[in-house]
Amino acid sequence: MIDKPTRNHWIVIVQDVLKSLRQFWFLLILLISGHNKYIYIAGAIIVVSTVVIQIKKWLNTEYYVSDNILVYKSGVFQKSREEIPFDKINTIDMGQGVFDRILGLCTVKIDSGSAIGKEAELKLKIKYKIAEMLRDTVLNIKNSTVDNDLQEEKKEEAAPKKVISIREIMIYAITKGKLGWALGGYFAVMNFADDIEKITNTTIVKNLTSSIDMNNLILQDRVKLVFLIIGMLLAVYIVMTLLSIIFEIVKLYRFTIKVQDKNFNISYGLLSKKEYSIPIDKIHALKYKQGILQQVLGIYTIEAITIGYGDEKNEKAILYPIANDDFKQRFLASLLPEMIFSADIKKPPKHSLKRFIVMRVLLPFIVMIPLYFLVKPVPSEFKIVVILVITLINILFGYLNYRNTSLGVTDKLILASEGSFVKTTTIIKQSSVQSVERKQNPYQRKAKVCDYLVSVYSTSLPEAVKVRHMNENLDKELYGNLIM
């Protein structure tokens, strides 16, 4: 129990001093470029005052636990005191960078969901062992007696737990980066190039640069231009995807999700280690995200929507990065049965397909037509091919958006799905729905379709899910099942 006032590690002083001095970068430039003694005096005053202020801030920052309440004191000239009851804490996030792991430190972020800003409510830099003790105290996953400890050990053995494998991480990276498509497309282009060589009696693969006219920036053989660009793009794409595999292995190494005392405890990372805990009853919604290949393979990334976690840049409450229906039924169904949607799901009417496609095609087309006449050095055949390819891609994305759009409602859950390149299915607790808004423009009114905007309580205050071009007759079913 951390019942005595405790300060952050002293390394916080160094970090805060460096962070504060970054605001005076212009002074550093003056110090380097000039030799005026007044500039040196001003620089010394700024550095000394910054150090004094940060030391004062460190001395005044304390935290401790008292009667199931986390007390946090801070301030430099004006002191403040915050008291957060344990039952109000939504998430506890523990992160370790490489430097932190060397020093045995840990950054702890605690959120109760009451903060309006984008930063964590409380942020501490403390020893890792102390951080574990604080987390265990707050989440109440350790007991004081020996008998309770033995019971807890037995409970942990039986508690659901899932550890990601290297194979799963590679599948996640490949399907996320479409390495399979890149490799298949690359070899297909190369084989096709060999066939063209035999038919036209030209050399495409060898000595490609010998046919470039640098004055006109155009290849003598326009067929070679197409294959050169496609080949280079695929080669770069393959290399980037391979790097993505390495990055994801380092990032998600030993991704582990387990349940302890009604909390999801998640940890992962090879160099920088990440740990966070999410109370199961504080999860307001689940997000299932799928790239195109992941849609085909039936795998997805599961994220939790909860107030508190995910309030900083690129921070997501990932429950599992590569799940499937088996994982959902075996793991989630036993822990979050109330979040398993099993009712009918409504799709947009067939006549609304054109509405998903037209705007996607029309706007880029309006931009590309003037460019066709303005960009004169590029061969007209090549420009036509580019326009056709972009148009076909937008038609495909519009169709995928139509196919992935759906809406379902029960007396406990709302399911909303949308997206083309990345499909996002959000399952929301009715008790966590802030509002449901119906929008309809004149063109939609004529076609008897409308958009639904579902807002859910989350860190982004609120997070909105938009489902487009649904049948307007869903109003009765939607609002009839709402418990708001």
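A crossing of two helices is called right-handed if the near helix is turned clockwise from the far one by less than a right angle, and left-handed if the turn is anticlockwise. In the predicted model described here, the crossing of α12 and α13 is right-handed. The contact between α12 and α13 comprises 15 nonpolar, five polar and two charged residues. Helix α12 covers residues 353–374 and helix α13 covers residues 380–404, and their axes come within 8 Å and cross at roughly 160°. Because angles over 145 degrees count as roughly antiparallel, α12 is classed as roughly antiparallel to α13.

These two helices can be set beside the annotation in the sequence record. The unreviewed UniProt entry places the feature "transmembrane region" at residues 169–189, 225–250, 356–375 and 381–402, and such annotations may be inferred rather than shown by experiment. In the model, the span of residues 356–375 is 95% helix and 0% strand, with its end C-alpha atoms lying 30 Å apart. Residues 381–402, for their part, are 100% helix and 0% strand, and the C-alpha atoms at the two ends of this span are 32 Å apart.

Two buried residues illustrate contacts between positions that are separated along the chain. I245 belongs to helix α9, which runs over residues 222–252, and with a relative accessibility of 9% I245 counts as buried. Its C-alpha atom is separated by 5.1 Å from that of A173, although I245 and A173 are 72 residues apart along the chain. M339, by contrast, is placed in a loop, namely the one between α11 (325–335) and α12. This loop residue M339 nevertheless counts as buried, because its relative accessibility is 1% and the cut-off for burial is under 20%. The C-alpha atoms of M339 and L286 are separated by 7.7 Å, the two residues being 53 positions apart along the chain.

Towards the N terminus, helix α3 comprises the 24 residues 37–60, for which a rise of 1.5 Å a residue gives an expected span of 34 Å; the end C-alpha atoms are 35 Å apart, and the two values therefore agree. Buried positions in α3 are G43, I46, T50, Q54 and N60. An α-helix has 3.6 residues a turn, so residues three or four places apart point the same way. Helix α3 packs with helix α1 (residues 11–21) at an angle of about 140°, the axes of the two helices being 9 Å apart. This angle makes α1 oblique to α3, and the crossing in which α1 passes α3 is right-handed.

Backbone geometry was also examined at individual residues. Most residues other than glycine have a negative phi. K448, which is not a glycine, has a positive phi of about 60°, and H469, likewise not a glycine, has a positive phi of about 55°. The settings of the two residues can be described in turn. K448 is located in the loop between α14 (442–447) and β20 (449–456), where a relative accessible area of 54% classes K448 as exposed. H469 is part of strand β21, which covers residues 463–471, and at 5% relative accessibility H469 is classed as buried.

Note on methods
Residues numbered from 1 in each chain as written. Predicted model: local features only at pLDDT ≥ 70, side-chain atom pairs only at ≥ 80, totals over all residues. Heavy atoms only, no water. Helix = DSSP H or I, 4+ residues; strand = E, 2+ residues; numbered from the N terminus. Buried < 20%, exposed > 50% of the residue type's maximum accessible area, 1.4 Å probe, protein only. Axes fitted to C-alpha atoms, helices over the stretch in contact; angles between N-to-C directions. Parallel < 35°, antiparallel > 145°, perpendicular 65-115°, else oblique. Nonpolar A, V, L, I, M, F, W, Y, C, P; charged D, E, K, R; others polar. Expected span 1.5 Å × (residues − 1).
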